[in-house]
Amino acid sequence: MALEQKLSLKLAQKLVMTPSLQQAIKLLQMTRIELDTVLSQELIENPVLEEREVVEAEPSVDQTAEEPAKEDNADSMSDIDLEAYFSDYAESWEGQGAASVYEDRAEPPLENTLSRDPDLYDHLLWQLHMMDVEPKTREIAELIIGNLDPEGFLVASVEEIAAMGADGYLEPSREAMLLQVATPLDDDALLEDVAEADALINGADVRALDDAALRATAAAPTAAADDANETSADEIAGAADASADAAIADASGDAAEAASEASPTDDVDAADDVDAVEDAPFIVPPGGYPIELVERALALVRSLDPPGVACRNLQESLLAQLDRRVESDGEDAFDPLTRQVIAEHWDRLTHRKFDQIAKALGVPLRRLEPVAEEIKNLQTRPGRGFSTDRTHYVEPDVHVVKVGEDFVVQLNDDGMPKLRVSRAYRRMLQKMRQEGDQRDAQQYIQEKMRSALWLIKSLDQRQRTIYKVATSICKQQRGFLEYGIEHLRPMVLRDVAEDIEMHESTVSRVVSNKYMHTPRGLFPMKFFFHSGIDREYGGDISSLTVKRKIQQLIQQEDQKKPLSDSALMKILKREGIHIARRTVAKYRDELGIPSSTERKKIF
């Protein structure tokens, strides 16, 4: 095949994103905080960029006249040997016998500076370190505190905490669990347990292996004891090993034969046996903390403030809080039935089946009213009071102000730096071009200047796009701005995109993580975009308006006979809003409203 060179024309359409377009899209979807961070970083990295002053005062005549004098002073300062001058000055006050002009102040140590609010972990450790506790108990108590979730509940079992004391702790494998479940009588029994674990891994019958292990364990010491008077110690060990191996071999053969002739039901039984081994209780490896010491440390942590901390579940936490009340206020601190209801009727209590509880206790239903009130006053999350979650304040990107009969959109530029290209670098580049030297420096300044111009144009385009989208939203949601959420109309991204003649993806980037301050309050810009629901008259209605109606109906209901989802659906249908029952349940869950069973007032 001959090689040749030729020219050909090809017509094609391609969408190529230039660097400036990529930067504009990236800046468009940023929040104000992210944008401030990017601009601050660009001001540091790009020497051509500088922040423009908001008010620039023009130089007066006197200042203009003083400029040549300043230049003369600068020329005169260049003739002075500043290094020698300052070295002589430093020697004048650093010499021997000279008093220092600085005063030494006793500053607090850096580690004592509060950098964050104390959380539940810090609060519990502070109480623990203030107590006179044995070192080992304190070590275990610190481990327990470290295994608490932010709500104050213990996420590790006592056995797991005890196992943390073993060096090089790893979760025990199935073989190790089997070895520790059985109580070995001697070394031969230990070997038999290892063989049993291997056979178990290979899928043999667990019950056959258990019988074989018991026979081998019993046979080995017996054979060794019968010949103890005629053989040496080595012969005793050999006989024991031989009998154990024979028993294990017989057991393995029986297990293999049983496995080959087993029916599907036998396979299921063997699988159940394997699952039972996998679900075996957690075994503490050798070298772990004693269980008694762990339980003592756990009781110590539970005695700390807040009450109910370090419990495994809510039921234990509530009971611990009641016990703390008894310790502080005596036996009359709460109704005696409260502890009985929590301890013995927990499932019925969580499902609010007070009638069944009253029947089981043999008391009238009214007798449980003070019990329910006392349980409500208990803390369901003991660590809630030490949460480190801080309030996040939102700064709106757009302000909507009503001026006369119109709503005016104002962009929030507070705190945004006003960028411009440095005049000094522009003059420097112009001078380099005239002289025709320092090509590398010219190329560097040109690249930085091009990057600065792209950034400034992208920022301007971002602000213009946000303004267009906000103006379109105000125009289409004027009823909401005038009268409230009942007049919020359905709107999707396509409606705004067609209005401002942009793509829907651009509108989506604009409204992402941005907020609008309106006369009706502060809302995310995505709040105004939602689907509509058909109704018999008046056009479509917003889903947010339907949610508001559901919330109002529930607020006005009879608490002893709350409205079910079906009842809410029928009421909305009478108002011309056709909506399914499951949709009502979905909206109710989104509003954080419990079901009618949970809302029902028993007493």
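How are helices H24 and H26 oriented to each other? The legends below start with that pair and then move through other close-ups of this predicted model.

**Figure 1. Helix H24 packs against helix H26.**
Here we look at two helices that meet: H24 covers residues 543-555 and H26 covers residues 581-590. Two packed helices are described by the angle between their axes and the distance between the axes. For H24 and H26, the angle is about 80 degrees and the axes are 10 Å apart. Angles of 65 to 115 degrees count as roughly perpendicular, and H24 and H26 are therefore roughly perpendicular to each other. On the H24 side, look for Ser-543, Val-546, Lys-547, Ile-550 and Ile-554; on the H26 side, they meet Val-584, Tyr-587, Arg-588 and Glu-590. Sorted by class, this contact of H24 with H26 has five nonpolar residues, one polar residue and three charged ones.

**Figure 2. Helix H15 crosses helix H18.**
The next pair is H15, residues 336-344, and H18, residues 369-376. Their axes come within 9 Å and cross at roughly 70 degrees. H15 and H18 are therefore roughly perpendicular to each other. Leu-337, Thr-338, Val-341 and Ile-342 make the contact from H15, while Val-371, Glu-374 and Ile-375 make it from H18. The contact of H15 with H18 has five nonpolar residues, together with one polar and one charged residue.

**Figure 3. A cis peptide bond and a positive phi share the loop between H13 and H14.**
This view shows the loop between helix H13 (291-302) and helix H14 (314-329), where you can find Pro-306. Some background helps here: most residues other than glycine have a negative phi, and most peptide bonds are trans. Start at the bond from Asp-305 to Pro-306: this peptide bond is cis, with omega near 5 degrees. Then go on to Ala-310, which is in the loop between H13 and H14 as well. Ala-310 is not a glycine, yet its phi is positive, near 65 degrees. Is Ala-310 buried or exposed? With a relative accessibility of 0%, Ala-310 counts as buried.

**Figure 4. Arg-352 has a positive phi in the loop between H16 and H17.**
Arg-352 sits in the loop that runs between helix H16 (346-350) and helix H17 (354-361). Its phi is about 60 degrees, a positive value although Arg-352 is not a glycine. The relative accessible area of Arg-352 is 27%, so this residue is partly exposed.

**Figure 5. A salt bridge joins Glu-316 and Arg-302.**
The side chains of Glu-316 and Arg-302 meet here, with N to O at 3.4 Å. Because Glu-316 lies in helix H14 and Arg-302 in helix H13, the pair ties together parts that are 14 residues apart in sequence. Glu-316 is partly exposed, at 23% relative accessible area, and Arg-302 is also partly exposed, at 26%. Now find Arg-312: together with Arg-302 and Glu-316, this residue is part of a network of salt bridges.

**Figure 6. Glu-482 forms salt bridges with Lys-402 and Arg-478.**
In the pair of Lys-402 and Glu-482, the closest N and O atoms are 3.2 Å apart. Lys-402 lies in strand E2 (residues 398-403) and Glu-482 in helix H21 (residues 478-483), so this salt bridge ties together parts that are 80 residues apart in sequence. In the pair of Arg-478 and Glu-482, the closest N and O atoms are 3.5 Å apart. Arg-478 and Glu-482 both lie in helix H21, four residues apart, which is about one turn of the helix. How exposed are these three side chains' residues? Lys-402 is partly exposed, with a relative accessible area of 39%; Glu-482 counts as partly exposed at 21%, and Arg-478 counts as partly exposed at 32%.

**Figure 7. The whole protein puts the close-ups in context.**
Zooming out, the secondary structure comes to 27 helices and eight strands. The protein has 603 residues, and 31% of them count as buried. The accessible surface comes to about 39500 Å², with 50% of that belonging to carbon and sulfur atoms. How many salt bridges does the structure hold? There are 19 salt bridges. Finally, take the contacts between residues at least 6 apart in sequence: 66% of these join residues at least 24 apart.

Technical notes
Residues are numbered from 1 along each chain as its sequence is written. Side-chain values use heavy atoms; hydrogens and water are left out. Axes are lines fitted to C-alpha atoms, for helices over the stretch in contact, and angles run from 0 to 180 degrees between N-to-C directions. Angles under 35 degrees count as roughly parallel, over 145 as roughly antiparallel, 65 to 115 as roughly perpendicular and the rest as oblique. Contact means heavy atoms within 4.5 Å. Ala, Val, Leu, Ile, Met, Phe, Trp, Tyr, Cys and Pro count as nonpolar, Asp, Glu, Lys and Arg as charged, and the others, Gly among them, as polar. Buried means under 20% relative accessible area, exposed over 50%, partly exposed in between (1.4 Å probe, protein chains only). Accessible areas come from the Shrake-Rupley method with a 1.4 Å probe; for residues, only the protein chains shown count as cover. A salt bridge is a side-chain nitrogen of Lys or Arg within 4 Å of a carboxyl oxygen of Asp or Glu.
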